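Good morning, and thank you for coming. I would like to take you through one protein, from its outer surface to individual side chains. Please keep the sequence and the structure in view as I speak.

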Amino acid sequence: MDTITVLCIGKKISNLRHHQGLSQREFSKLVGISPSYLSKLESTTSGLGASLEVLSNIATALDIELSELFHVTRTEQRYMEESLLRKSKKKRKRLITNSN
């Protein structure tokens, strides 16, 4: 699984959690993981190390099939790629500004 796909899965978890009106703390209790681990899953590539059990618990708490977490559309991929590119450009600009 590539980095973009993993980031899309994390974003999907975050969006669905928000849609249900749950905080990270509330959702992490439902899933049986710590809020800090959930935060990492939603915002980084830490999802690569998530066990199938954790991902299954997340899907159950979101009331979706596990396979839906892994279904990433081209639109989601493009959005994530563009988002990463924007972040990279901002970071590069800050580094250049700070070095002057």
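The protein exposes about 6,800 Å² of surface, and carbon and sulfur atoms supply 52% of that area. Please bear in mind from the start that this is a predicted model. Along its principal axes, the C-alpha trace spans about 50 × 30 × 25 Å. The protein has 100 residues, and buried residues make up 31% of them.

Let us turn to the secondary structure. How many helices and how many strands does the protein have? The count is six helices and zero strands. Read from the N terminus on, the order of elements is therefore written α-α-α-α-α-α.

We may also ask how the chain meets itself. Taking the contacts with a separation of 6 or more, 59% are between residues 24 or more positions apart.

Charge is my next topic. The protein carries 16 positive and 10 negative charges, and the mean positions of these two groups are 14 Å apart. On the surface there is a positive patch, formed by Lys11, Arg86, Lys87, Lys90, Lys91 and Arg94. Which element gives the largest share of this patch? The answer is helix 6, residues 74-99, which contributes five residues. Lysine 11, another member of the patch, is found in helix 1, which covers residues 3-19. Its relative accessibility is 33%, so lysine 11 counts as partly exposed. A residue needs over 30% relative accessible area to belong to a patch, and lysine 11 has 33%.

I now come to charges that are paired. As a general principle, side chains of opposite charge can pair when their charged atoms come close. This structure holds two salt bridges.

One of them joins lysine 12 and glutamate 76, whose closest N and O atoms are 3.9 Å apart. Why does this pair tie together parts that are far along the chain from each other, 64 residues apart in sequence? The reason is that lysine 12 lies in helix 1 and glutamate 76 in helix 6. The two partners can also be described by their accessibility. Lysine 12 is at 13% relative accessibility, so it counts as buried. Glutamate 76 has a relative accessible area of 27% and is therefore partly exposed. The cut-off that decides this is 20%, because buried means under 20% relative accessible area.

In the other salt bridge, the side chains of glutamate 42 and arginine 17 meet, with a distance of 2.7 Å from N to O. This pair links distant parts of the chain: glutamate 42 is in helix 3, residues 35-43, arginine 17 is in helix 1, and they are 25 residues apart. Are these partners buried or exposed? Glutamate 42 is buried, with a relative accessible area of 9%. Arginine 17 is buried as well, at 3% relative accessibility.

A further buried residue deserves a moment. Serine 28 lies in helix 2, residues 24-31, and its relative accessible area is 2%, so it is buried. What does serine 28 touch, if we do not count residues up to four places away in sequence? Its contacts are Ile33, Ser34, Pro35 and Leu38.

Let us go back towards the surface, to the backbone at aspartate 63. This residue has a positive phi of about 60°, although it is not a glycine. Aspartate 63 sits in the loop between helix 4, residues 52-62, and helix 5, residues 66-70. With 70% relative accessibility, aspartate 63 counts as exposed.

Finally, I will give two distances that you may trace on the model. Lysine 40 is found in helix 3 and is partly exposed, with a relative accessible area of 48%. Its C-alpha atom is separated by 17 Å from that of alanine 59, which is 19 residues away along the chain. Asparagine 98 is found in helix 6 and counts as exposed, at 63% relative accessibility. From C-alpha to C-alpha, asparagine 98 and arginine 86 are 18 Å apart in space, with their positions 12 residues apart in sequence as the separation. Arginine 86 is also one of the residues that form the positive patch.

To close, please remember the six helices and the two salt bridges of this predicted model. Thank you for your attention.

Conventions:
Residues numbered from 1 in each chain as written. Predicted model: local features only at pLDDT ≥ 70, side-chain atom pairs only at ≥ 80, totals over all residues. Heavy atoms only, no water. Patch = residues over 30% accessible without salt bridge, like charges linked within 9 Å, V, L, I, M, F, W, Y side chains within 5 Å. Areas by Shrake-Rupley, 256 points an atom, 1.4 Å probe, with all protein chains shown as cover. Salt bridge = Lys/Arg side-chain N within 4 Å of Asp/Glu carboxyl O. Lys, Arg positive; Asp, Glu negative; His and termini not counted. Charge placed at Lys NZ, Arg CZ, Asp CG, Glu CD. Helix = DSSP H or I, 4+ residues; strand = E, 2+ residues; numbered from the N terminus. Buried < 20%, exposed > 50% of the residue type's maximum accessible area, 1.4 Å probe, protein only. Contact = heavy atoms within 4.5 Å.
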